[in-house]
Amino acid sequence: MAETVFLAEVSWPEFARRIAQGAPVFIPVGATEQHGRHLPLSVDAIIPTWISAEVAKHCGGLVVPPIAYGNRSQPRSGGGPAFPGTINITATTLSWLLRDIITELHRHGARHLVVVNGHYENIWPSVEGIELALDHIGRERTQGLKILRIDHWELVRPETLARVFPEGYPGIELEHASVIETSIMLALKPELVDLAQAAHDGPARFKPYDRFPGPVAEVPASGVLSETKGSSAEKGRWLLADAVERIKQAVAEEFGKEVG
Ligand code: ZN
Ligand code: MN
């Protein structure tokens, strides 16, 4: 039997053995959020979970069950709350959930943690969750705890972005359900992608400010904020390779770990 990297699939003695060996522990943070008519609601959880597992395989790591709900989807970065199926949680809930998971992992002896985020609106709530954990553990009592926080799209190299977007990169906020996520899903779970359903009603033309309460009329009806045109599984593999490679490097550099 191949050795699993998923914490949910190991026994407690096996968990203890891996932690005693210094296993880095990955915490994927996602969302349950609309991703257009052509992608499933769990894109933001599937991607960081896969990336985490891929790196964990190469460094003796473990991946905890992902946080499958994200901080409130916003019109200008995720289409907003109006789409059926988007299940939002508050920033407070997300931060405290992450704070509790980190605190528990620390209590069990884990010292090298990697939070891998897949949802734009989770950026600051995940920072806050880490800070709350450090407040709770005590900054003088961390016993070598080191936490990395990564937004997977930040790891894509400029050369890769230039290959993926020969006509120019629209920026990550508008990339919702667009070329990056569609390409990665075509590479990882083609059976969950239905390109025939991809509407071409973007890109969105947002005003440079938010308006509350919604709905915001500029959100394309499909929920795709930019365009899906030009997506491919090959591009998805380039994007994933950058993320995996650079997290491996980070694990080696920051934790002084052998990474295969
Ligand atoms: Zn997404
Ligand atoms: Mn999202």
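This passage describes a metal site and two pockets in a predicted model. Local features need pLDDT of at least 70 and side-chain atom pairs 80 or more, whereas totals for chains, interfaces and linings use all residues. Side-chain values use heavy atoms, without hydrogens and water, residues are numbered from 1 along each chain as written, and chains are lettered from A and ligands numbered from 1 in written order.

The zinc ion (ligand 1) is held by His35 (NE2), Asp44 (OD) and two OE entries of Glu181, at 1.8 to 2.8 Å. Donors are N, O and S atoms within 2.8 Å of the metal (3.2 Å for Na, K and Ca); water is not among the atoms, so sites may look incomplete. The donor spacing is H-x8-D-x136-E. Asp44 also bridges to the manganese ion (ligand 2), 3.4 Å from the zinc ion. Asp44 lies in helix α2 (residues 43-59) and Glu181 in helix α7 (residues 179-188), so the pair links parts 137 residues apart in sequence. Helices are DSSP runs (H or I, at least four residues). Asp44 is buried at 2% relative accessible area, and Glu181 is buried at 9%. Buried means under 20% (1.4 Å probe, protein chains only).

A pocket is an open set of points on a 1 Å grid over the protein atoms alone, where a 1.4 Å probe fits, with protein on both sides within 12 Å along at least five of seven lines; lining residues have an atom within 4 Å of a point. The largest pocket holds about 300 Å³. Its lining has 14 residues, with Phe165, Glu167, Gly168, Glu227 and Lys229 nearest the centre.

Notes: Helices (H or I, at least four residues) and strands (E, at least two) are DSSP runs, numbered from the N terminus. Buried means under 20% relative accessible area, exposed over 50%, partly exposed in between (1.4 Å probe, protein chains only). Grid points are joined across faces, edges and corners, and a volume is the space filled by probe spheres set on the points.
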